[in-house]
Amino acid sequence: MKIQRIATALIAFLLVAGSARAQGKLNVVTTVEDLAAIAREVGGDRITAESIARGYQDPHFVEAKPSFILKLQRADVLIVVGRELEIGWLPPLITQSRNAKIQVGAAGYLDASQQARILDLPTGQVTRAMGDVHPMGNPHYWLDPENGRRIVKAFADRFSQMDAADAAYFQARYADFDKRLTEAVKNWTAKMAPFKGRKVITYHRSWPNFCNRFGLDVVDYVEPKPGIPPTPAHTLDLINTMKRGGIKLILVEPYFDLRTPNSIAQQAGGEVAVLLPSVGGKKDVTTYFQLFDYDINLLAGLLQKHQ
Ligand SMILES: [Zn+2]
């Protein structure tokens, strides 16, 4: 039954895909919503872009669904975050899609991390003792807008190669994005400037690129190691760290349980800020610019409050 349903849906999807291509649009599938949002910036109306994971989901642990295979089946381009962010769920989906265009190494497979500045790169041998995730460096690099600028150029170039007729369009949109981003970064930097050097705790290691760019100092994490849930001993350490250092904010991604961070914040006289690590983390945050607008407005307000 299930296979039949999938087959029927597949035919429907292929028909849709066929008509999209007839209109000359590249069909771009991304693993996370941020990459789809960035792809739309340069792709405009000459591409369709959709993400597999939703922005309110933990991108490390996405539950695979048959519909994901169908999305991949009809993709011209697959853009991934890389650095093994998707290692737990994506590889079997790519294989099962049987789509030659998007297999690793094919022209339609694009690993955005190749262009980004990656932090927390491992220096020695990678072992499980270092945590469950992030073995190849920190994959949350899109939270530095300068990395957004780097990867958007790679998208424009790849789309231009695959759809040469629209190359000038993609490059013009890249130039426009580049200009708008420069202006936006200036504003975001100015908003965060009064809080340079302020110390914060974060739940997961999602924020090193963001905090580096905007001058915050991440001193510890609610997770004792990446991907490992909080422990009572570590929680107690954090309360003491916050009290000693006068640290007032714990940044938490929307998909984590708030009980532990709330209890830490309460005992340390601080506050939890649910910051969005992805486009789509809230309904009205649908573009790459809106993501930083949202996070920076929220953070600046809370940092001001806890001066
Ligand atoms: Zn992570």
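The following paragraphs describe two parallel sheets, the helices packed on them and a small set of individual residues in a predicted model.

In the first of the sheets considered here, four strands are arranged in the order S2-S1-S3-S4, forming an open sheet with parallel pairing. Strands S2 and S4, the latter spanning 109-111, are its edge strands, and each of them pairs on one side only. On average, neighbouring strands of this sheet are turned by 20° against each other when direction is ignored. Helix H5, which comprises residues 145-162, packs on this sheet and touches S1, S2, S3 and S4, its direction making about 170° with that of S4. Strand S1 (residues 26-30) is joined to S2 through five bridges in the parallel sense, whereas the parallel pairing of S3 with S4 involves three bridges. Within the latter pair, valine 80 stands opposite aspartate 111 in S4.

The edge strand S2, residues 47-51, shows an alternation of its side chains: Ile47, Ala49 and Ser51 point to one face and are buried, while Thr48 and Glu50 point to the other face and are not buried. This arrangement may be set beside the general rule that side chains in a regular strand alternate between the two faces of the sheet. One of the S2 residues, threonine 48, is the bridge partner of asparagine 27, a residue that belongs to strand S1. The two residues are also linked through their side chains, which make a polar contact at 3.2 Å. Asparagine 27 is buried, its relative accessible area being 5%. Leaving aside residues up to four places away in sequence, asparagine 27 touches Thr48, Arg74, Ala75, Asp76 and Val77. With respect to Asp76, the C-alpha atoms of asparagine 27 and aspartate 76 are separated by 5.1 Å, although the two residues lie 49 residues apart along the chain.

The loop between strand S3 (77-80) and helix H4 (90-97) contains arginine 83, and glutamate 84 lies in the loop between S3 and H4 as well. Arginine 83 has a phi near 55°, a positive value in a residue other than glycine, and for glutamate 84 phi is likewise positive, near 65°. As a general matter, most residues other than glycine have a negative phi. Arginine 83 is partly exposed, with a relative accessible area of 24%, and glutamate 84, at 36% relative accessibility, also counts as partly exposed.

The second open sheet is likewise formed by four strands with parallel pairing, in the order S6-S5-S7-S8. Strand S6 (217-221) and strand S8 (271-274) each have a single partner strand and stand at the edges, so that one side of each is left without a neighbour in the sheet. From one strand to the next, the twist of this sheet averages 35°. Four bridges connect strand S5 (residues 199-202) with S6 in the parallel sense, and in S6 the bridge partner of lysine 199 is aspartate 217. Helix H8, residues 232-245, packs on the sheet through contacts with S5, S6 and strand S7 (249-252), and its direction makes about 150° with that of S6. Helix H10, residues 288-305, also packs on the sheet, in this case touching S7 and S8, with a direction at about 170° to that of S8.

Helix H10 includes leucine 291, which is buried with a relative accessible area of 0%. Apart from residues up to four places away in sequence, the contacts of leucine 291 are with Asp34, Trp142, Leu143, Leu276, Pro277, Ser278, Val279 and Val285. The contact with Asp34 connects parts of the chain that are remote in sequence, since leucine 291 and aspartate 34 are 257 residues apart in sequence and 8.8 Å apart in space, C-alpha to C-alpha.

Aspartate 34 itself is located in helix H2, residues 33-43. With residues up to four places away in sequence not counted, aspartate 34 touches Trp142, Pro277, Ser278, Val279 and Leu291. Aspartate 34 is buried yet has no salt bridge, and the nearest side chain of opposite charge, that of arginine 40, is 9.8 Å away. The side chain of aspartate 34 does, however, make a polar contact with the side chain of serine 278, at 2.6 Å.

Definitions and conventions: Residues numbered from 1 in each chain as written. Predicted model: local features only at pLDDT ≥ 70, side-chain atom pairs only at ≥ 80, totals over all residues. Heavy atoms only, no water. Pairing = 2+ DSSP bridges. Helix = DSSP H or I, 4+ residues; strand = E, 2+ residues; numbered from the N terminus. Axes fitted to C-alpha atoms, helices over the stretch in contact; angles between N-to-C directions. Contact = heavy atoms within 4.5 Å. Buried < 20%, exposed > 50% of the residue type's maximum accessible area, 1.4 Å probe, protein only. Lys, Arg positive; Asp, Glu negative; His and termini not counted. Salt bridge = Lys/Arg side-chain N within 4 Å of Asp/Glu carboxyl O. Polar contact = N/O pair within 3.5 Å; in protein donor to acceptor, adjacent residues only side chain to side chain.
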